[in-house]
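Q: I have a new model open in front of me and I'd like to learn how to read it. Can we go through it together?

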2 protein chains.
Amino acid sequence: MTIQEPVTARPAGRPRSEKAEKAIIDATLDLIAEGSGVSELSIEAIASKAGVGKTTIYRRWSNKEDLVVDALATLRAPLPPLAGESVRDDLIALLDVMRQETGQSRSRCVMNIVMGEADRYPRLTERFVKRAVEPRRTAMREVMARGVAGGELSPDLDVELGMALLSGAMLWYTKWGPAGDLPEDLAERIVDQVLAGLAPEPA
Amino acid sequence: MTIQEPVTARPAGRPRSEKAEKAIIDATLDLIAEGSGVSELSIEAIASKAGVGKTTIYRRWSNKEDLVVDALATLRAPLPPLAGESVRDDLIALLDVMRQETGQSRSRCVMNIVMGEADRYPRLTERFVKRAVEPRRTAMREVMARGVAGGELSPDLDVELGMALLSGAMLWYTKWGPAGDLPEDLAERIVDQVLAGLAPEPA
DNA sequence: GCGTTGCGAAACTGAGTCGTATCGAAATTA
DNA sequence: TAATTTCGATACGACTCAGTTTCGCAACGC
């Protein structure tokens, strides 16, 4: 054997265009960001927006749902850098990226799809959660575990419940809160209120 | 004037069937509960399911969105009876109806629509919020105000933030929580945790 | 150069939907 | 009874879209 085979032998013929592939994914996300739900998305609109023939899409994905699943899966969760000192500050940092994202139409609409069409397209949600939600959960879980170990949080704290309180509050504001941008100090206020509790301070 | 005119003079001809109207609304809600988003809903499917001609629908609503708006508006918020003694118990009662609702497909899917298609159909959301969300908010706000006044809650509490913590946590569980039914004591655990705070008890 | 494969554009089939119109029957008032 | 309005059913034209096929051209290995 003198000839080194490439690991994936390149088949004869013109190779598939990576540019086209990227354009298709991008057009899909853009249309979603403009407010399309999965069912309003049409392959024809995607092809047109991407400057691509329908053939090129169907050669890669066998149907619309597969395409959308792949498109959403390309979205990575941008995790903020965590100072790693104060648990409070790290929690604020984690919550604040949620707040910032609600101002971006792409994030907003993706969230809408995942929230609203979860039951109808389980594969979509499953994969999106794995890529975009799970990493954040893990990060927050680690921060809180650190807080429990280091005494900054209650030693018998139910960490999952604590995460639901923090994330849920921010989710609530993005959905039902006052119109317009969320206040810049919202993450801070949520974290402090959750840490302190609603009950009056024991005098 | 010897003849008393009815306030709304009945016009000649066959009167509109209330039964048909109810059947249309019901069919709409059923189709939504089966997982249809607004755009997947077709007037033809509604007519067929309701056992009604399309004409009968178009005579009452001029388009699909109007119909869906009316259908969702018929859903009233079932408010639990509040004992009015312990603020903690009342908050638990309020949260627990949220938990129970996630087990009902109709409530679940309506929630999905309102959450996921809010940006696309603002009129729909607006009206639904007024009918179904606002009454609960008001009830919870009153309970918390009572708690502040009565010393059960911190005197300088931001009531809106407190509501976001409680409702948001439950919302979070319904969306991202473990599959299957939510634990029966979830509302209780959320309320107690929120009241106490995550920070360790000051020794 | 030759064979192979991907490319975008366009045409096509078939299904589904909207909103309107028309039908004969039924329900109601006058 | 006559006039009016609604009823459910059905048909219609216009439109959108999915998914396939065909076309002539481009990009690659050999």
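Q: Why can we say that the copies meet through the same surface?
A: Two residues are in contact if their C-beta atoms, placed from the backbone, lie within 7 Å. Here, 100% of the interface residues of chain B are interface residues in chain A too, so the copies meet through the same surface. Bear in mind that this is a predicted model, where local features need pLDDT of at least 70, side-chain atom pairs count only at pLDDT 80 or more, and totals for chains, interfaces and linings use all residues. Residues are numbered from 1 along each chain as its sequence is written, while chains are lettered from A and ligands numbered from 1 in the order in which they are written.

Q: What turn lays chain B on chain A?
A: Copies are superposed by least squares on the C-alpha atoms of residues with pLDDT of at least 70 in both. A turn of 179° with a shift of 0.0 Å along the axis lays chain B on chain A, with an RMSD of 0.1 Å. That is the relation of a two-fold axis.

Q: Which residues touch the most other members of the largest nonpolar core?
A: Such a core is a set of buried Ala, Val, Leu, Ile, Met, Phe, Trp, Tyr and Cys residues joined through C-beta atoms within 7 Å; buried means that 20 or more other C-beta atoms lie within 10 Å of a residue's own. In the largest one, with 53 residues, they are A:Leu95, A:Ile190 and B:Leu95. In both chain A and chain B, α5 (87-101), α7 (122-150), α8 (159-176) and α9 (186-196) give two or more residues to this core. Helices here are DSSP runs (H or I, at least four residues), numbered from the N terminus. The most comes from α8(B), with ten residues.

Q: What does A:Ile190 touch?
A: Leaving out residues up to four places away in sequence, A:Ile190 touches A:Leu95, A:Leu166, A:Ala169, A:Met170 and B:Leu161. Another core lies apart, with 48 residues, including A:Val38 and B:Cys109.

Q: Which residues come nearest to DNA strand D?
A: A residue is near a strand if its C-beta atom, placed from the backbone, lies within 6 Å of it. Of the 27 residues around DNA strand D, the nearest are A:Arg14, B:Gly13, B:Arg14, B:Gly53 and B:Thr56. At least two residues of this surface come from each of α2 (43-50) and α3 (54-58) of chain A and α3 (54-58) of chain B.

How values were computed. Buried ≥ 20, exposed ≤ 12 C-beta atoms within 10 Å, placed from the backbone.
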